[in-house]
4 protein chains.
Amino acid sequence: MTGTTAESGTGATVRDRVLRAATTLFAQKGFEGTSVREIVLAAGVTKGGLYHYFDSKDDLLHEIYTRMLRVQTQRMETIAASDLPLPQRIHAIVVDVVATSIAHLDEAVVFFQSMHLLPEQKVAQVRAERRQYHERVRELVEDGQRAGLFRTDVPADIVVQYHFGAIHRLGQWYHHDGPLSGEQVGHHFANLMLASLLGDFSL
Amino acid sequence: MTGTTAESGTGATVRDRVLRAATTLFAQKGFEGTSVREIVLAAGVTKGGLYHYFDSKDDLLHEIYTRMLRVQTQRMETIAASDLPLPQRIHAIVVDVVATSIAHLDEAVVFFQSMHLLPEQKVAQVRAERRQYHERVRELVEDGQRAGLFRTDVPADIVVQYHFGAIHRLGQWYHHDGPLSGEQVGHHFANLMLASLLGDFSL
Amino acid sequence: MTGTTAESGTGATVRDRVLRAATTLFAQKGFEGTSVREIVLAAGVTKGGLYHYFDSKDDLLHEIYTRMLRVQTQRMETIAASDLPLPQRIHAIVVDVVATSIAHLDEAVVFFQSMHLLPEQKVAQVRAERRQYHERVRELVEDGQRAGLFRTDVPADIVVQYHFGAIHRLGQWYHHDGPLSGEQVGHHFANLMLASLLGDFSL
Amino acid sequence: MTGTTAESGTGATVRDRVLRAATTLFAQKGFEGTSVREIVLAAGVTKGGLYHYFDSKDDLLHEIYTRMLRVQTQRMETIAASDLPLPQRIHAIVVDVVATSIAHLDEAVVFFQSMHLLPEQKVAQVRAERRQYHERVRELVEDGQRAGLFRTDVPADIVVQYHFGAIHRLGQWYHHDGPLSGEQVGHHFANLMLASLLGDFSL
DNA sequence: GATGAATGAGAGTTCATTCAT
DNA sequence: AATGAATGAACTCTCATTCAT
């Protein structure tokens with residue numbers, strides 16, 4: 001009768017415990033390599049409990065994506081709307097997305113490793129939100145190109161794919177016990193990006 | 001009379017038909033989303049035939065990786081050993097790896113999407129070869145830094161991770177029916193990379 | 001309305017139906033000659049149901065062994081601890097183990113025919129319990145030797161291996177429709193055993 | 001052209017190398033636990049080579065049985081036909097069957113562990129030969145009973161099943177590095193058997 | 001809200017055997 | 001006499017999900 005939602009976990013809600021366990025396991029062993037059984041064991045809940053809160057295993061993945069995207073998009077919009085000079089704004093956006101990706105490395109790993117496993121319908125929804133993010137950054141780059149600040153021989157599209165490609169692979173090599181903090185990596189990445197936009201090397 | 005070797009395939013050997021079918025399917029539906037049954041159906045062979053040539057489904061993935069790595073490493077070594085000026089050598093390497101990645105886009109997609117699904121032992125072997133590739137390029141960057149050609153405020157390691165990150169994500173957005181050829185994308189990427197190395201933007 | 005728990009079985013629990021079917025089939029066709037598919041068909045359950053209760057096909061075998069051993073060991077201990085004269089105690093033990101082996105002939109057949117197919121770890125556990133049984137009987141024989149009741153020119157070890165060897169082969173020749181009951185065979189075996197211990201024929 | 005039958009083995013014929021490898025493997029891992037692939041690897045022959053000499057995997061098992069049976073039956077007949085006194089003749093037969101079973105322990109293990117896996121037809125043939133052996137010994141026991149040498153309260157059938165049961169289990173516990181030789185075990189078994197026949201303990 | 005027994009389709013893999021060479 | 005590529009059926013086991021309680 002006294003059995004509350006915190007009966008065998010850390011006190012968090014069933015929903016949160018499940019999401020946390022799923023994120024860790026998906027990052028470690030991949031989405032398809034993790035069974036629902038393992039998730040409920042790690043979360044200290046039952047299968048019935050999990051399915052009470054989530055429609056399917058896919059739904060878990062979708063939820064992880066949505067959470068991360070929402071946070072990153074919101075932070076980016078805030079910076080993009082600030083009155084910093086354009087290069088500094090782009091610089092700040094890159095530092096921020098790198099730092100938050102590293103702060104939530106498990107989510108980031110899952111995001112870029114497993115998105116293709118979702119059913120077409122859900123993947124379309126996630127991609128739409130993602131595209132929105134990319135397009136906002138592309139607009140900033142195009143603003144800079146029109147203002148004569150950035151090189152124009154490379155399409156803004158390619159620039160964005162190039163730089164976000166690098167950011168999406170962070171989870172493949174960054175380790176928390178390495179020499180550089182997320183902020184530091186973010187600054188290096190942002191410096192490289194802006195130099196590439198300002199420079200004019202061409203063959 | 002009844003069953004020739006090419007009854008349902010393209011006339012290529014069983015081994016090749018299997019590899020080709022597996023590459024296509026893995027790229028389309030992911031490694032874990034593709035069943036052995038689907039591979040043998042697409043290849044026009046029997047399960048027993050597949051397992052005569054490959055030890056496991058993992059083995060197929062490993063073979064796809066190894067083939068691609070071998071080709072790319074060899075081409076890179078040739079360019080790296082040429083007597084072009086250093087920036088041009090790096091430029092040529094990037095153009096080449098982008099162009100070959102796009103020419104074999106399915107393999108590239110599979111490579112960076114599914115490597116983590118291999119057992120530890122095999123993944124270590126692939127990673128060792130991959131690292132060799134990365135380290136060779138890092139040496140070139142360090143050569144340029146020591147020669148005073150490239151900026152030194154960003155570690156060569158970070159530069160390599162940054163630029164290869166971008167290259168590894170090619171399969172996520174490039175489509176053969178888009179406006180740019182592999183060569184063209186390669187040139188854009190190489191120009192961005194060299195500008196970022198030569199520039200000195202820093203915040 | 002549609003599917004009750006006893007729709008195709010005898011009304012016993014899934015677990016029991018599976019064990020019963022497995023025992024019969026293993027005895028008839030051997031462990032390796034019986035497929036899981038055959039077991040679930042005979043038991044009227046699904047594969048998933050079987051694997052809900054048992055970890056593996058091996059686990060079924062192990063369970064059959066354990067059940068039988070537990071029963072026989074317990075009965076033997078009771079008789080061994082009684083205050084009958086030593087020869088009568090040994091006699092009673094042999095009658096009992098023969099009679100119960102015949103009463104559960106399928107289990108006995110499976111036990112001695114398939115134990116070697118279990119993985120090392122599980123076989124060790126079963127052997128440990130079995131050895132305990134054998135050693136208890138060996139102690140009784142040694143008691144009799146020390147008391148001057150039994151011949152001492154044959155090691156107690158050999159005596160036990162000899163007589164239990166005979167008992168372990170019961171399943172190879174005994175048929176329920178033969179002329180002798182389990183009790184009767186037990187008496188014959190026990191009489192032979194005691195005569196061999198009391199006698200002194202030697203060449 | 002010079003490729004003889006001893007190309008990769010110990011110089012024995014292909015046929016013998018196969019039989020020897022099969023016997024060892026069947027004894028170690030069971031008949032069903034040993035694959036044809038393992039046999040050809042251990043024997044240093046090819047699958048085609050094996051199937052050139054043997055019709056099937058079953059055929060190998062059958063051949064192992066037949067060889068052993070033939071040898072033991074022949075030796076027994078020789079002793080049975082000798083003019084030793086009856087008890088000594090039985091004693092010698094038991095010593096001999098134990099000693100030869102131990103000398104060919106692998107064959108003996110395979111024989112009693114895997115016979116039930118043969119198809120009905122072949123198993124019938126082996127059993128017929130085996131029964132012949134048993135019946136010959138039963139006749140000797142009955143001779144002794146009729147002559148008033150042996151107890152008659154236990155049927156000769158039971159006596160034979162009892163004692164051969166013990167012998168058939170030799171492979172389950174005897175180890176070549178133990179304290180007793182095959183001859184010694186044979187003498188102990190024979191002494192126990194004759195004491196049980198001569199004695200009259202009965203409850 | 002939450003349980004856990006039950007489902008049944010499908011997974012990857014191994015197998016003894018055949019046969020063109 | 002001997003090869004080894006190829007077969008295809010059968011194998012054990014896992015899976016995400018459902019539903020009566």
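Which of the 28 residues around DNA strand E come nearest? Select A:Thr46, B:Tyr51, C:Thr46, C:His52 and C:Tyr53 to see them. A residue is near a strand here if one of its heavy atoms lies within 4 Å of it.

Before going on, note that this is a predicted model, in which local features need pLDDT of at least 70 and side-chain atom pairs count only at pLDDT 80 or more, while totals for chains, interfaces and linings use all residues. Residues are numbered from 1 along each chain as its sequence is written, chains are lettered from A and ligands numbered from 1 in the order in which they are written, and side-chain values use heavy atoms, with hydrogens and water left out.

**Stop 1: DNA strand E**

Keep DNA strand E on screen and colour its sugar and phosphate atoms: they account for 69% of the strand's atoms that come within 4 Å of the protein. Next, select B:Val36, where a backbone N or O atom lies 2.8 Å from a phosphate oxygen of DNA strand E. For the bases, select B:Lys47, which has a side-chain N or O atom 3.1 Å from a base oxygen of DNA strand E. C:Lys47 also faces a base oxygen of this strand, with a polar side-chain atom at 3.5 Å. A polar contact is a pair of N or O atoms within 3.5 Å; within protein, one must be able to donate a hydrogen and the other to accept it, and residues adjacent in sequence count only if both atoms are side-chain atoms.

Now show helix 3 of chains A, B, C and D; each supplies at least two residues of the surface near DNA strand E. Helix 3 of chain C gives the largest share, 5 residues. Helices (H or I, at least four residues) and strands (E, at least two) are DSSP runs, numbered from the N terminus. Coloured by class, the surface near DNA strand E divides into 7 nonpolar, 15 polar and 6 charged residues. Ala, Val, Leu, Ile, Met, Phe, Trp, Tyr, Cys and Pro count as nonpolar, Asp, Glu, Lys and Arg as charged, and the others, Gly among them, as polar.

**Stop 2: DNA strand F**

Switch to DNA strand F, which has 27 residues around it; B:His52, B:Tyr53, C:Lys47, D:Thr46 and D:His52 come nearest. Sugar and phosphate make up 68% of the atoms of DNA strand F that come within 4 Å of the protein.

Three phosphate approaches are worth selecting. In D:His52, a side-chain N or O atom is 2.3 Å from a phosphate oxygen of DNA strand F. For the side chain of C:Tyr51 the corresponding distance is 2.7 Å. A:Thr34 uses a backbone N or O atom, at 3.5 Å from a phosphate oxygen of the strand. Helix 3 (47-53) of each of chains A, B, C and D gives two or more residues to the surface near DNA strand F. That surface holds 7 nonpolar, 15 polar and 5 charged residues.

**Stop 3: chain A and its two domains**

Hide the DNA and show chain A alone. Chain A has 10 helices and 0 strands, and its C-alpha trace spans about 70 × 40 × 35 Å along its principal axes. Colour domain 1 (14-53) and domain 2 (57-198) separately; the bounds come from an automatic or database domain assignment. Their C-alpha centres lie 27 Å apart.

At the boundary, 17 residues of domain 1 are in contact (heavy atoms within 4.5 Å) with 14 residues of domain 2. The two domains of chain A bury about 1,400 Å² between them, 69% of it on carbon and sulfur atoms. Buried area is the accessible area (1.4 Å probe) that two parts lose on being put together, summed over both.

Between these domains there are 2 salt bridges, each a side-chain nitrogen of Lys or Arg within 4 Å of a carboxyl oxygen of Asp or Glu. Select A:Arg67 and A:Asp16 to find a salt bridge of 3.4 Å, N to O. On the domain 1 side, helix 1 (14-29), helix 2 (36-43) and helix 3 of chain A each give two or more residues, and helix 1 gives the largest share, 9 residues.

**Stop 4: chains C and D**

Finally, show chain C with chain D. Each of the two chains puts 40 residues into the contact, and about 3,700 Å² is buried between them, with carbon and sulfur atoms giving 70%. The count here is 0 salt bridges and 6 residue pairs in polar contact, both residues at pLDDT 80 or more. On chain D, select helix 5 (86-103), helix 6 (105-114), helix 8 (156-168) and helix 10 (182-198), each of which supplies at least two residues of the side that touches chain C. Helix 10 of chain D gives the most, with 11 residues.
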